[in-house]
Amino acid sequence: MTAAVLAFASLVAFYGHALTFAWFGLVALLHAVEFGRRVPRAVARRALALSALAALPSLAAIAAWVNEPAFLDRRSGDGPVDGNEFSFLPGLDTLRHWMSHSFDAWADGSGRWTAIVFFAIATVFVVLRIFGRAPERSAIAALPPLPARAPLAAPLPSFAPELTLLATFLAYLFAPLTYGIVAPINWRYLPVALLLLPALGPRIPLPRITQLALAVACIGVTALAAANWRAGFAFTDAEMGELDDVLARTEPGHRLAGLCYAPFSDATGLPSFMHAHQYYQARIGGLAYFTFAEFPMAPVRLRAGTLSRRLPAGFEWNPGLYDHSKFGDDFDYWLVRGKPPDGLFAAAPPSGAAPPEVLFAGPNWTLYGRRAPR
């Protein structure tokens with residue numbers, strides 16, 4: 001039963017996000033090595049067998065994914081991409097921008113105060129560990145023998161949490177930045193490493209008053225971060241504009257193309273609106289394109305025949321790659337943010353259909369729709 005639950009969890013992790021799956025796999029290996037040398041051989045052998053059994057479904061999924069012809073397809077849309085090669089940045093170059101990879105999400109610099117308070121609390125944790133008394137070796141040696149099937153009465157003393165933190169931080173520094181057209185990769189591991197910093201805290205019980213003080217400090221920094229993010233989300237929501245009114249003009253069950261000529265937010269400096277067209281798929285129901293399911297390397301892809309042909313790689317970053325004369329018959333709606341180029345729908349699609357009409361026009365969004373229903 002344990003192996004079945006773990007197998008299902010690993011399969012969900014793989015299909016949820018390959019980078020998360022890779023991190024869990026790395027952590028599992030670290031824990032296997034660290035705990036394997038601290039338990040009786042019978043316990044270690046049984047755990048290894050269950051782990052190997054639990055790994056089989058996700059390994060089979062990876063094998064099926066990699067052997068799919070589309071995974072190694074070096075084309076996307078009409079042209080070649082750079083292939084499936086990894087690219088790396090020196091660790092020091094990555095580290096120079098650590099704030100933008102973690103706390104400095106908002107352009108107003110509010111995250112810097114959160115970072116200062118956060119690391120002040122983390123320093124307290126480390127100091128308490130340094131001056132705290134480690135468990136006596138004799139107490140560890142006196143632990144009763146562990147039967148092969150019984151659950152542990154208490155966690156085994158080990159350095160698995162610290163090793164997990166170290167491995168995650170090294171992944172941030174030295175993992176690849178890109179794989180083909182997938183980026184960034186390694187930057188995403190820094191927030192995970194920061195979440196693991198309590199692993200450097202005390203290894204012994206603390207006095208109740210110390211626990212209370214640390215709890216209040218942690219809640220305080222969380223409240224500070226929440227206030228910053230609430231303000232940022234409110235600003236971004238205002239920038240989102242009249243999207244609700246746009247969606248009210250659409251019907252479910254159709255195909256919508258997102259053409260985002262103004263993807264960047266003043267609040268973050270990031271392309272926060274690049275995937276806003278996906279609200280059509282989430283709220284109304286239908287296909288909203290661009291979608292990650294179109295990527296050749298995605299484990300979950302669009303059903304064959306959904307689009308007559310793949311749009312060019314990088315289409316979501318550069319909507320100018322959309323050619324109505326080639327792709328016009330694939331969509332019923334076109335959701336445009338920003339000012340589109342003149343003559344966007346001037347060329348007729350292969351069917352010769354008339355240009356779409358404006359269904360909604362606002363300061364941020366313009367919705368075009370097919371003149372005649374399918």
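Two residues are said here to be in contact when heavy atoms lie within 4.5 Å. With that in hand, here are my notes on this predicted model.

1. **Asn228 and its neighbours.** Let's start in helix 9, where Asn228 has its place. Leaving aside residues within four places in sequence, Asn228 is in contact with Trp106, Ser110, Gly111 and Thr114. Its relative accessibility is 16%, and buried means under 20%, so Asn228 counts as buried.

2. **Length of helix 5.** Two of those partners, Gly111 and Thr114, are also among the buried residues of helix 5, which runs over residues 111-131. At 1.5 Å a residue, its 21 residues should span 30 Å, and the end C-alpha atoms are 31 Å apart, which agrees.

3. **The two sides of helix 5.** Which residues of helix 5 are buried? They are Gly111, Thr114, Ala115, Ile121, Ala122 and Phe125. These residues cover an arc of only 140 degrees around the axis, which puts them on the same side of the helix. Trp113, Ile116, Ile130 and Phe131 are exposed on the other side. As for what covers the buried residues, helix 9 (208-240) is included.

4. **The largest nonpolar core.** This core has 19 residues, and those with the most contacts inside it are Phe103, Tyr172, Ile185, Tyr189, Leu194 and Leu197. Helix 2 (18-36), helix 5, helix 7 (160-174) and helix 8 (189-195) are the elements that give two or more residues to it. Another core, of 16 residues, lies apart from this one; Leu259, Tyr322, Phe327 and Leu344 are among its members.

5. **Phe103 up close.** If you click on Phe103, look for Trp98, Gly111, Thr114, Ala115, Phe118, Phe119 and Leu194, all of which it touches when residues up to four places away in sequence are not counted. Gly111 and Thr114 turn up here as well as beside Asn228.

6. **Strand 5.** Strand 5 covers residues 254-260, and 6 of its 7 residues are buried, so the strand is largely enclosed by the rest of the structure. It runs parallel to strand 6 (residues 286-289), and 4 bridges join the two. In this pairing, Ala257 stands opposite Tyr289 of strand 6.

7. **Cysteines.** A disulfide is a covalent bond between the sulfur atoms of two cysteines. How many disulfides does a search of the whole structure find? The count is 0. Should you be wondering about the surroundings of particular cysteines, Cys218 is partly exposed, with a relative accessible area of 30%, whereas Cys260 is buried, at 7%.

Definitions and conventions. Residues numbered from 1 in each chain as written. Predicted model: local features only at pLDDT ≥ 70, side-chain atom pairs only at ≥ 80, totals over all residues. Heavy atoms only, no water. Expected span 1.5 Å × (residues − 1). Buried < 20%, exposed > 50% of the residue type's maximum accessible area, 1.4 Å probe, protein only. Arc of directions from axis to C-beta. Disulfide = S-S within 2.5 Å. Core = buried A, V, L, I, M, F, W, Y, C linked by side-chain atoms within 4.5 Å. Pairing = 2+ DSSP bridges.
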